[in-house]
Amino acid sequence: MIVFWRLFLAYYLADFALYGKRFYSYGTSHPWKASAARGVLFFLLALALCWQYLNMQWSFFGLAHIRGWGALFPITALYIFSDGWFKLSGAHKYHNTLSFVLHDLFNLLVLFLAVPFRALYDMGSFFAETWVIFFVGLLFVTKVLGNFIFCVEKDLYGRDFPTMDEHWIMMLMRAIFFLTGLLPGWRCLFFMSACWVAVIYARRIRLMDISSFAFYFGFGVTCVVSWLVHWRVYLNW
């Protein structure tokens, strides 16, 4: 599972690096070029993060055992072409949300089935590397959760792409919630409660003009992920 979590980072870091309104518009008009750009970036990041595991035999879907550097080519190809496989038509009520969920679940399943599970047996833990799990949690609550919320709001309210300040401010707020939850001992509950009071007040005076779904779901999931990572760091499970 060491390799899986590292590939998880590469997958969403590639998406994070090429995220923004300009690239979103470019991807709408040039979908295959945008997918290829993400695929190349994912491949390079995966090489960098999994460098010491590339000569290990990876079990690619249980069909063949090939070395890691060879397995990255079909994984990247599936990543590129899957962009067009899960784009549902506007006839479906929640087509943006379903497209996002199906696309990511498919690619994460590919990563899960392709990695060498011997790393799990060697380390004896599903969440083996603390620093990797920390960055996985941080990336999840900032980038992945933000994308999911945007897709849901686009389906519910037909909203446009988030403005730059809205996008980064909300990412920063969720990152603060996540980091306060990693404080040692029970003090994390005090600081997270203080953060809740602060953002509730900011939303009440319309300093943060966000929907109820983005507010409660976004910060609620962030708290849960933060506590899970907290338990991994301090309880080592």
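A residue counts as buried when its relative accessible area is under 20% and as exposed when that area is over 50%. The exercises below apply this cut-off, among others, to a predicted model.

**Exercise 1. Decide whether Thr-180 is buried or exposed, and describe its surroundings.**

Solution. Begin by placing the residue: Thr-180 belongs to helix 8, which covers residues 164-180. Next, compare its accessibility with the cut-off: the relative accessibility of Thr-180 is 13%, and therefore the residue counts as buried. Then turn to the polar atoms, where a polar atom of the Thr-180 side chain is found 2.8 Å from the backbone oxygen of Phe-177. Finally, set aside the neighbours within four places in sequence, and the contacts of Thr-180 are with Cys-188, Phe-191, Met-192 and Cys-195.

**Exercise 2. Determine how many disulfides the model has, and examine Cys-195 in particular.**

Solution. The criterion requires a pair of cysteine sulfur atoms within 2.5 Å. Applied to this structure, the rule gives a count of zero disulfides. For Cys-195, the nearest cysteine sulfur belongs to Cys-223 and is 8.6 Å away, and Cys-195 is in no disulfide. As for accessibility, Cys-195 has a relative accessible area of 16% and is therefore buried, while Cys-151, with a relative accessible area of 11%, is buried as well.

**Exercise 3. Locate Leu-9 and identify which residues distant in sequence it touches.**

Solution. Leu-9 is part of helix 1, and its relative accessibility of 5% is the reason why it counts as buried. When residues up to four places away in sequence are not counted, Leu-9 touches Leu-49, Val-132, Phe-135, Val-136 and Leu-139. One of these, Val-136, is 127 residues from Leu-9 along the chain, yet the C-alpha atoms of the two are separated by 6.1 Å. For the protein chain as a whole, contacts with a separation of 6 or more are made to the extent of 73% by residues 24 or more positions apart.

**Exercise 4. Characterise the second largest pocket by its volume, its lining and the elements that contribute to that lining.**

Solution. The volume of the second largest pocket is about 450 Å³. Its lining consists of 23 residues, of which Phe-8, Val-136, Phe-140, Val-144 and Val-225 are the closest to the centre. Two or more lining residues come from each of helix 1 (2-17), helix 5 (95-114), helix 7 (130-157) and helix 10 (212-235). Among the contributors, helix 7 gives the most, with seven residues. Sorted by class, the lining of the second largest pocket comprises 20 nonpolar residues, one polar residue and two charged residues.

**Exercise 5. Find how many cavities of 30 Å³ or more the structure holds, and describe the lining of the largest cavity.**

Solution. A search at this threshold yields one cavity of 30 Å³ or more, and the volume of the largest cavity is about 40 Å³. The residues lining the largest cavity are Tyr-11, Phe-42, Ile-75, Tyr-79, Asn-107, Val-110 and Leu-111. At least two of the lining residues are supplied by helix 4 (68-81), and at least two by helix 5; helix 5 gives the most, with three residues. In terms of class, six residues of this lining are nonpolar, one is polar and none is charged.

**Exercise 6. Set out the secondary structure of the protein chain and state what share of its residues counts as buried.**

Solution. The chain has ten helices and two strands, and from the N terminus on the elements follow the order α-α-α-β-β-α-α-α-α-α-α-α. Of its 237 residues, 47% count as buried.

Note on methods: Residues are numbered from 1 along each chain as its sequence is written. This is a predicted model: local features need pLDDT of at least 70, side-chain atom pairs count only at pLDDT 80 or more; totals for chains, interfaces and linings use all residues. Side-chain values use heavy atoms; hydrogens and water are left out. On a 1 Å grid over the protein atoms alone, a cavity is a set of points where a 1.4 Å probe fits but cannot get out, and a pocket is an open set with protein on both sides within 12 Å along at least five of seven lines; lining residues have an atom within 4 Å of a point. Grid points are joined across faces, edges and corners, and a volume is the space filled by probe spheres set on the points. Helices (H or I, at least four residues) and strands (E, at least two) are DSSP runs, numbered from the N terminus. Ala, Val, Leu, Ile, Met, Phe, Trp, Tyr, Cys and Pro count as nonpolar, Asp, Glu, Lys and Arg as charged, and the others, Gly among them, as polar. Buried means under 20% relative accessible area, exposed over 50%, partly exposed in between (1.4 Å probe, protein chains only). A polar contact is a pair of N or O atoms within 3.5 Å; within protein, one must be able to donate a hydrogen and the other to accept it, and residues adjacent in sequence count only if both atoms are side-chain atoms. Contact means heavy atoms within 4.5 Å.
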